[in-house]
Amino acid sequence: MGWRLKVSHVTHVKYDGEAHSSYNEVRMTPAHNVLSSRVTVTPYVPVFTYEDYWGTKVTSFDVMEPHTSLTVEAVSRVETGGPPRRVAAGYDPSLKELLRTTPMTAVGPELEELARVQALGRDPQGTAGAIGEMVAARVTCLPGPAGVRTSAREAWDLGEGACQDLAHLTAGLLRAAGLPARYVSGYLHPRPDADVGEPVEGQSHAWVEYWAGEWLPLDPAGRGHVGEAHVVVARGRDHSDVPPLKGVHRGPAGSRQEVTVTLTRLAPA
């Protein structure tokens, strides 16, 4: 049975001085089974939405007056754990494009060969399962704030990385084994035992999907399992296609971000 979740994602940007203007994109709206959603910005400005090349819902806005800080709050209610009621419209990228290596998913010749060995005598699900187990056994997922910390190969060599690093590594190995793979960004409720109505501090999460006649999920940070605690937001080749907040500003060079993600299980209607 699926869950009904409320997701609150607040990002506060503080500039090292006064920004004269800023231009921003937000990817924080869940992709499927959305009951309600809103994105608000402080200072207040109108927002516009569109679907990007990968079918992700993007909220864009420009702040054309001087400001020293920027706050983006995305609040959604979503049902998880079941088939999506609405598949994102838009252009369907070719599977060949999702076989290509990117700088974030590059693993090098040695690991590419190791990935191909995992595919010998196995069907796509067996290959993906073997690769997922290999990554989970080798690389520890570090707790704490999410974010890309290493390259895919560095995560393997170090034996540790953030969930984003494990997703990049797994996508690179799947592609080397001949399976189209896409990077998935979203949220993970960290406490399955939380009471209904209890707010729980969470964070952004990342995993992968691979093609086996249909898209199947694989979470290397969770020993492969993807279920009702996962909320899909965005998909792409790697993290560079799906950042929750991306922007440029005119003004001081430096800025700092504070991010708060809260997930709350809701009682079904």
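Me: Over the ring of which residue does the charged end of R265 sit in this predicted model?
Reply: In this predicted model, the relation is one between a charged group and an aromatic ring, and it is judged by the distance from the ring centre and the offset from the ring normal. The charged end of R265 is placed 4.0 Å from the centre of the ring in question, and that ring belongs to W3.

Me: At what distance from the ring centre of W215 does R182 lie?
Reply: R182 lies over the face of W215, a residue that is itself partly exposed, with a relative accessible area of 21%. A charge counts as sitting over a ring if it is within 6 Å of the centre, and for R182 the distance from the ring centre of W215 is 4.0 Å.

Me: Is the aromatic pair of Y53 and W54 stacked or edge-to-face?
Reply: By the rule that ring centres must lie within 6.5 Å, the count comes to two aromatic pairs. Y53 and W54 form one of them, with 4.8 Å from centre to centre and 85° between the planes. Planes over 60 degrees apart count as edge-to-face, and therefore the pair of Y53 and W54 is classed, with its angle of 85°, as edge-to-face.

Me: Which class does W54 fall into, buried or exposed?
Reply: Its partner in the ring pair, Y53, counts as partly exposed at 37% relative accessibility. The relative accessible area of W54 is 16%, and because buried means under 20%, W54 is buried.

Me: Why is the pair formed by the rings of W211 and W215 edge-to-face?
Reply: W211 is partly exposed at a relative accessible area of 28%, and W215 is partly exposed at 21%. The ring centres of W211 and W215 are 5.3 Å apart, which is within the 6.5 Å needed for a pair. What decides the class is the angle between the planes, since over 60 degrees counts as edge-to-face, and for W211 and W215 that angle is 65°.

Me: How far apart are the end C-alpha atoms of helix α1?
Reply: Helix α1 covers residues 108-119 and has 12 residues, so at 1.5 Å a residue it should span 16 Å. The separation found between its end C-alpha atoms agrees with that expectation, at 17 Å.

Me: Around the axis of α1, what arc do the buried residues L111, A115 and Q118 cover?
Reply: L111, A115 and Q118 are buried in α1. They lie on the same side of α1, because the arc they cover around the axis is only 50°.

Me: Which exposed residues are carried by the face of α1 turned away from its buried side?
Reply: The buried residues of α1 are covered by elements that include α2 (124-138), α3 (152-158) and α4 (163-176). The face turned away from that buried side carries two exposed residues, named P109 and E110.

Me: How many of the residues of α4 are buried?
Reply: With 14 residues at 1.5 Å each, α4 should span 20 Å, and its end C-alpha atoms are 20 Å apart, which agrees. α4 is followed by G178, whose phi is positive, near 95°. The helix α4 is mostly covered, and the count of its buried residues is 14 of 14.

Me: With the side chain of which residue does R235 make a polar contact of 2.8 Å?
Reply: R235 lies in strand β13, residues 230-236, and is buried, with a relative accessible area of 14%. Leaving aside neighbours within four places in sequence, its contacts include W54, R182, Y183 and E209. The polar contact of 2.8 Å joins the side chain of R235 to that of E209.

Me: What is the phi of N33, a residue other than glycine?
Reply: N33 is found in the loop between β2 (21-26) and β3, and at 8% relative accessibility it counts as buried. Its phi takes a positive value, near 50°.

Terms used. Residues are numbered from 1 along each chain as its sequence is written. This is a predicted model: local features need pLDDT of at least 70, side-chain atom pairs count only at pLDDT 80 or more; totals for chains, interfaces and linings use all residues. Side-chain values use heavy atoms; hydrogens and water are left out. Rings of Phe, Tyr and Trp (its six-membered ring) pair if their centres lie within 6.5 Å; planes under 30 degrees apart count as stacked, over 60 as edge-to-face and the rest as tilted. Buried means under 20% relative accessible area, exposed over 50%, partly exposed in between (1.4 Å probe, protein chains only). A charge sits over a ring if NZ of Lys or CZ of Arg is within 6 Å of the ring centre and within 35 degrees of the ring normal. Helices (H or I, at least four residues) and strands (E, at least two) are DSSP runs, numbered from the N terminus. The expected span of a helix is 1.5 Å times one less than its number of residues. The arc is that of the directions from the helix axis to the C-beta atoms. Contact means heavy atoms within 4.5 Å. A polar contact is a pair of N or O atoms within 3.5 Å; within protein, one must be able to donate a hydrogen and the other to accept it, and residues adjacent in sequence count only if both atoms are side-chain atoms.
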